[in-house]
Each structure stands twice: as structure tokens, then as C-alpha cells.
Amino acid sequence: MKRFIIYGAIPLLAVSCGGDGDFDATGTFEATEIVVSAEAAGRILRFDAEEGDVLRAGRQVGAIDTVQLYLQKLQLERQRASVRSGRPDIGKQAASLREQIAKQQTERRRVENLLKDGAATTKQLDDIDAQLKVLGGQLDALLSTLENNAVSIDENSSAIELQIAQVEDRLAKCRIASPVTGTVLAKYAEAGELASVGRPLMKVADLDRIYLRAYFTSDQLADLRLGQEVTVTADFGGERQLDYPGRIVWIASESEFTPKTIQTRNSRAGLVYAAKIAVENDGRLKIGLYGEVKL
């Protein structure tokens, strides 16, 4: 069998002729597929993704009707503004009493000086002290009332802000976006249709990170280890085969019965162990493509 080295984006890429059976295990290529579902209910206003499109993670490609949620947010913002407008200005409302207390304290100092000179009586000083005590009590009561009112208003405002945050979260969920960077494999909805929470909208997979799921017999386990470099041969049909370098990233901890579509070195083996082999995709590898592994 002849092998010809092809220089390209993938190192050690080679074309080979199949049919020699020189492999240790076989399997099919797969990728991590993610089904993007609707997180809100309503009419789909826009959905620009098409099968084959490559989407960036977080990029918005569609939207579900948000009119009612937007109006609800506006209503809550008006309620918050109304509640905040009733918050007392403690400094201004207590200013009058503080001014009276300041005047009485000035008067007390004047009477105290007069008392030293014998020009005032002790009763006058006692009356001013009593008045200061009354004003001080009134100020404390006023401050306590105003502070309690302010705290109550702040709590009501915070509760409304939480409701606004909930609406904003629901508004954000009306955006249709892929959570990962990948290719659209399937599209299940179109603009104008009604979406319900949990309804699948599209399927996305990162085809740059593709894996060969191969099956090995128990007597091959001793030769397998995580991180091991192997050679993966992709079968494109006919005599067209390409070799890729691969790396074992996962080995099953439990055995399973050999899938009917899978061949192993010992075809009579009833139980096999699955392994995932990461392969750098040059754009040729597709999900479901048949592949062979050589340790």
C-alpha cells in the first residue's frame, strides 16, 4: 500500500488506500451538539440563523416578541420613581427644630452670663433648660419618624428594583443566541412562528473540536492511556482515506456490547470499551464519518 504525504493545515495528513484491515478499532466522528431552545414564550420576530452558518458565542441571531415585558418594565420604573419621590428630606424637615434649639442655646448662654452678674434669676435659666429638653425630644422623635419612613421607602424601592431586574432577565431571554461558537446543524423554527419555553430552535456544534468515538476490546485496554497520541484514518468512501494525528481524551470506565455498525480487531468480542479521540478538523471531517484507529 502506498502512502503520499500531503502538507497542509493538519500535520502528518496522508492519503492511503483502504481495504488492508490494518487498524486496531473503528468508529464514527462526532462533535458536542447543543440544542438551543427558547427561554421565553411569544412570537419569533426575527431568526436569521441558517443551516451551515458559523455563529460566535453570544451573538444574537433572533428575537422573541418583548412588547409586553417592555411595557411591564416601564410601569415598574414609574412605580419606583413615585415611591422615591415620597422619600423625606431629613435635613430640611429637621432644620426648623435645629434652628430653634440653636437660638435657645444662645439665649441660655446670655442668661447664664446675666445670672453671674445678678441680672437674671435661676428660674429663667431653668425655663430655658426645660425648653431645650422639649425641643431636643421633639427633634429626636422627628428624626426617628423620618428615618423610619426613609427606610420603608428604600425597602419598597428595592423591592421594585428586584422586579425590574426580573423583567430585564426575561427580556434578555427573548434574545436567540448560540451559547458556543459553532456551526448550525439544524434549524427547527422560523420567524413568525410561536415559541414556547423549551421549544428547540436550532442545533449547534463546534466542528473545529471533533472526536472519533472508537471501541476497543478488553485486551487492548493495557495499550490505552489518556493523552496518548494515535493515528486516525478517516474513510471518505472508495479509495479515499486521510490520516490525522489524534489524542485519546476519554476512555469509558464500563464496558458495553459491541455496536452492530462497529468493527474491532477481534470481531467476535461481545464487550468493548468506548474511547474518544480528539482530532483537529481541517474542514473535511464531518459528523458520522467512518474512521479507523491505529495505536
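Which residues does isoleucine 176 touch, not counting residues up to four places away in sequence? Select isoleucine 176 in this predicted model and display its surroundings: leaving out those sequence neighbours, Ile176 touches Ile44, Arg46, Phe47, Arg59, Gln60, Val61, Gly62, Ala63, Ile64, Leu201 and Met202.

**The largest nonpolar core**

Keep Ile176 selected and add Ile44, Phe47 and Met202, since these four are the residues that touch the most other members of the largest nonpolar core, which has 23 residues. To see where this core comes from, colour β4 (42–47), β6 (60–64), α1 (67–85), α3 (122–172) and β10 (200–217), each of which supplies at least two of its residues. The largest share, 4 residues, comes from α3. As a general background, nonpolar side chains tend to be buried together in soluble globular proteins.

**A second core**

Next, select Ala25, Leu212, Val230 and Leu285, which are among the 19 residues of a second, separate core.

**Helix α1**

Now return to α1 and look along its axis. The helix has 19 residues, which at 1.5 Å a residue should span 27 Å, and the C-alpha atoms at its ends are indeed 27 Å apart, so the expected and modelled spans agree. Select Leu69, Lys73 and Leu76, which are buried in α1; because these residues cover an arc of only 65 degrees around the axis, they lie on the same side of α1. Then select Gln68, Arg78, Ser82 and Ser85, which are exposed on the other side of α1. If you show α3 as well, you will find part of what covers the buried residues of α1.

**Lysine 276**

Move on to strand β14 (residues 271–280) and select lysine 276 within it. Is this lysine buried or exposed? Lysine 276 is buried, yet has no salt bridge, and the nearest side chain of opposite charge, that of glutamate 30, is 4.2 Å away. Apart from neighbours within four places in sequence, the residues in contact with lysine 276 are Glu30, Tyr211, Leu212, Arg213, Arg247, Ile248, Val249 and Trp250. Among these contacts, Leu212 is a residue you have already selected as part of the second core.

**Glycine 237**

For the last stop, find the loop between β11 (229–235) and β12 (241–251), and select glycine 237 there. This glycine is partly exposed, with a relative accessible area of 38%. Finally, select leucine 289 together with glycine 237: although the two are 52 residues apart along the chain, their C-alpha atoms are separated by 9.5 Å.

Definitions and conventions: Residues are numbered from 1 along each chain as its sequence is written. This is a predicted model: local features need pLDDT of at least 70, side-chain atom pairs count only at pLDDT 80 or more; totals for chains, interfaces and linings use all residues. Side-chain values use heavy atoms; hydrogens and water are left out. A nonpolar core is a set of buried Ala, Val, Leu, Ile, Met, Phe, Trp, Tyr and Cys residues joined through side-chain atoms within 4.5 Å. Buried means under 20% relative accessible area, exposed over 50%, partly exposed in between (1.4 Å probe, protein chains only). Contact means heavy atoms within 4.5 Å. The expected span of a helix is 1.5 Å times one less than its number of residues. The arc is that of the directions from the helix axis to the C-beta atoms. Lys and Arg count as positive and Asp and Glu as negative; His and the chain ends are not counted. A salt bridge is a side-chain nitrogen of Lys or Arg within 4 Å of a carboxyl oxygen of Asp or Glu.
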